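Let's get to know this protein through a few questions. Have a look at it first.

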Amino acid sequence: FLDDGNLSQGTPISDLLEQCADQKLPLICANPDMVVQYHDGSLKHMPGKIALRYREILEERDSTVSITIYGKPHTEHFEACLRELEEQRPESS
């Protein structure tokens, strides 16, 4: 998956996601990047693609299982960081 991004039916990761959907397992994706560029210039596929594939599988089944995607580039991630920084800011005199 890392090199080719293949999540089509019959691949090991897709089969595992099907099993997770069978058990109605929720998914939390804390790194929703789709691809990244490695130091050698190559592109690698990332967890965000797995989360999207799981969402597709669940939608095909009309499932109500929850998927939570948290992290860049979604605003909730940055808002949480800003709140944390604000709490740590020393009071000015």
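Q: How much area does the protein chain expose, and what share of it do carbon and sulfur atoms supply?
A: This is a predicted model, where local features need pLDDT of at least 70, side-chain atom pairs count only at pLDDT 80 or more, and totals for chains, interfaces and linings use all residues. Residues are numbered from 1 along each chain as its sequence is written, and side-chain values use heavy atoms, leaving out hydrogens and water. Going by the Shrake-Rupley method with a 1.4 Å probe, the protein chain exposes about 6800 Å², and the carbon and sulfur share is 54%.

Q: In what order do the helices and strands of the protein chain come?
A: Here helices (H or I, at least four residues) and strands (E, at least two) are DSSP runs, numbered from the N terminus. There are three helices and four strands in the protein chain. Along the sequence, the pattern reads α-β-β-β-α-β-α.

Q: Which element gives the most residues to the largest nonpolar core?
A: A nonpolar core is a set of buried (under 20% relative accessible area, 1.4 Å probe, protein chains only) Ala, Val, Leu, Ile, Met, Phe, Trp, Tyr and Cys residues joined through side-chain atoms within 4.5 Å. The largest one has eleven residues, including Leu-17, Tyr-54 and Ile-67. Two or more residues come from each of α1 (12-22), β1 (27-29) and α2 (47-60). With four residues, the one that gives the most is α2.

Q: Which residues does Ile-67 touch, not counting residues up to four places away in sequence?
A: Ile-67 is itself one of the core residues. Taking contact as heavy atoms within 4.5 Å, its partners are Leu-27, Ala-51, Tyr-54, Arg-55 and Leu-58.

Technical notes
Buried < 20%, exposed > 50% of the residue type's maximum accessible area, 1.4 Å probe, protein only.
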